[in-house]
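Visitor: Please take a close look at one strand and its pairing partner, and then place that part within the rest of the model. I should like the criteria behind each term stated as you proceed.

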Amino acid sequence: MKKILITLFLGLFLSCSSKENLEGTWIGAYSYSTNSDSKKMPTRIVITFEKDEYFAKSFKYDYRSESDFEKGTYEYNRDTIFYNSDQTNTALLEIISKDSLVIKGLEGANNTVFKRLHDSLKSRSENIDLKGKRFLRTSLNYTDTLNFINDSIIIKSWENNRTLEIHWERISHNGFEILFVDLDIPYIITKGRDGTIKLTGLHKNRYELELRELE
């Protein structure tokens, strides 16, 4: 079985002063290679470290494995994390700030950046429905329409009548409502004050988008 954390973390370097620096929920921002011309590719994974336990969930349409999530215990010893007391399955991370960590890939594998999710992004409303609805999505740079056909398919369309069928998955985890979508970064879902739905994405920069329901 392809292990999410083992695939991402095996053989990496961890520089942090204490175990508490890892505690909390982290979301994938992007992966990149050491090549300066490499693209910043979306990473659709959410990870939580809490006390001696961890939980990892990936976008189920990204991974061809027996399971798209895993959980267990971990131990922290100076510069190494041991998962489920397994001395061979280790994770070595580089924390570059209190809100960002970089996972350095080996043997040509891409580096991966994760961003910490703060409590201000936790959902304060249980009445945020997407399935079966159609929305106008707007940002500072573009506008498109998302039609959530069912619990797995979105029809995405643009003003030039182009359409694209893509997968999506909504995850409720540790108080956060998270939206995974094909070909895009993860988004944290919250309710806007004016009845709209807010999508917050954490990539190289922070992005704020708005969903407004259409008839």
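Guide: The pairing may be entered at Val 102, which stands opposite Val 113 in E10. The model is a predicted one, in which local features require pLDDT of at least 70 and side-chain atom pairs count only at pLDDT 80 or more, while totals for chains, interfaces and linings use all residues. Residues are numbered from 1 along each chain as its sequence is written, and side-chain values use heavy atoms, with hydrogens and water left out.

Val 102 belongs to strand E9 (residues 100-103), and E10 covers residues 111-116. Strands (E, at least two residues) and helices (H or I, at least four) are DSSP runs, numbered from the N terminus. E9 and E10 run antiparallel and are joined by four bridges; two strands are said to pair if DSSP finds at least two bridges between them.

Both faces of E9 are covered, with Ser 100 and Val 102 buried on one side and Leu 101 and Ile 103 buried on the other. Buried means under 20% relative accessible area, exposed means over 50%, and partly exposed lies in between (1.4 Å probe, protein chains only). Ile 103, in strand E9, counts as buried because its relative accessibility is 1%. The C-alpha atoms of Ile 103 and Phe 114 lie 8.0 Å apart in space, with their positions 11 residues apart in sequence.

The surrounding chain comprises one helix and 18 strands. Of its 215 residues, 46% count as buried. Among contacts (heavy atoms within 4.5 Å) with a separation of 6 or more, 49% involve residues 24 or more positions apart. The accessible surface comes to about 12000 Å², and carbon and sulfur atoms contribute 45% of it; these areas come from the Shrake-Rupley method with a 1.4 Å probe, and for residues only the protein chains shown count as cover.

A further antiparallel arrangement involves strand E3 (residues 45-50), in which five of six residues are buried. Four bridges join E3 to strand E1 (residues 24-32), with Thr 25 opposite Thr 48. Six bridges join E3 to E4, where Ile 45 stands opposite Ser 58. Two residues lie between the strands of the E3 and E4 hairpin, in which Lys 51 takes a positive phi near 55 degrees.

Aromatic side chains come next. Across the whole structure there are six aromatic pairs; rings of Phe, Tyr and Trp (its six-membered ring) pair if their centres lie within 6.5 Å, and planes under 30 degrees apart count as stacked, over 60 as edge-to-face and the rest as tilted. The pair of Phe 59 and Phe 180 is edge-to-face because the planes meet at 65 degrees, with the ring centres 5.9 Å apart. Phe 59 lies in the loop between strand E4 (53-58) and strand E5 (69-77), whereas Phe 180 is in strand E15 (residues 176-181), so the pair ties together parts 121 residues apart in sequence. Phe 59 is buried at 0% relative accessibility, and Phe 180 is likewise buried at 0%. A second edge-to-face pair joins Phe 148 and Trp 168, with 4.7 Å from centre to centre and 85 degrees between the planes. This pair links strand E12 (residues 143-148), which holds Phe 148, to strand E14 (residues 163-173), which holds Trp 168, across 20 residues. Phe 148 and Trp 168 are both buried. Phe 59, Tyr 61 and Phe 180 form one aromatic cluster.

Phe 148 also appears in the largest nonpolar core, which has 17 residues; Leu 130, Phe 148, Leu 179, Ile 197 and Leu 199 touch the most other members. Such a core is a set of buried Ala, Val, Leu, Ile, Met, Phe, Trp, Tyr and Cys residues joined through side-chain atoms within 4.5 Å. E12, E14, E15, strand E16 (187-191), strand E17 (197-202) and strand E18 (206-214) each give two or more residues to this core. Leaving aside residues up to four places away in sequence, the contacts of Leu 179 include Leu 130, Phe 148, Trp 168 and Leu 199. In soluble globular proteins, nonpolar side chains tend to be buried together.

Gly 192, in the loop between E16 and E17, counts as buried because its relative accessible area is 10%. With residues up to four places away in sequence excluded, Gly 192 touches Ile 197 and Lys 198.
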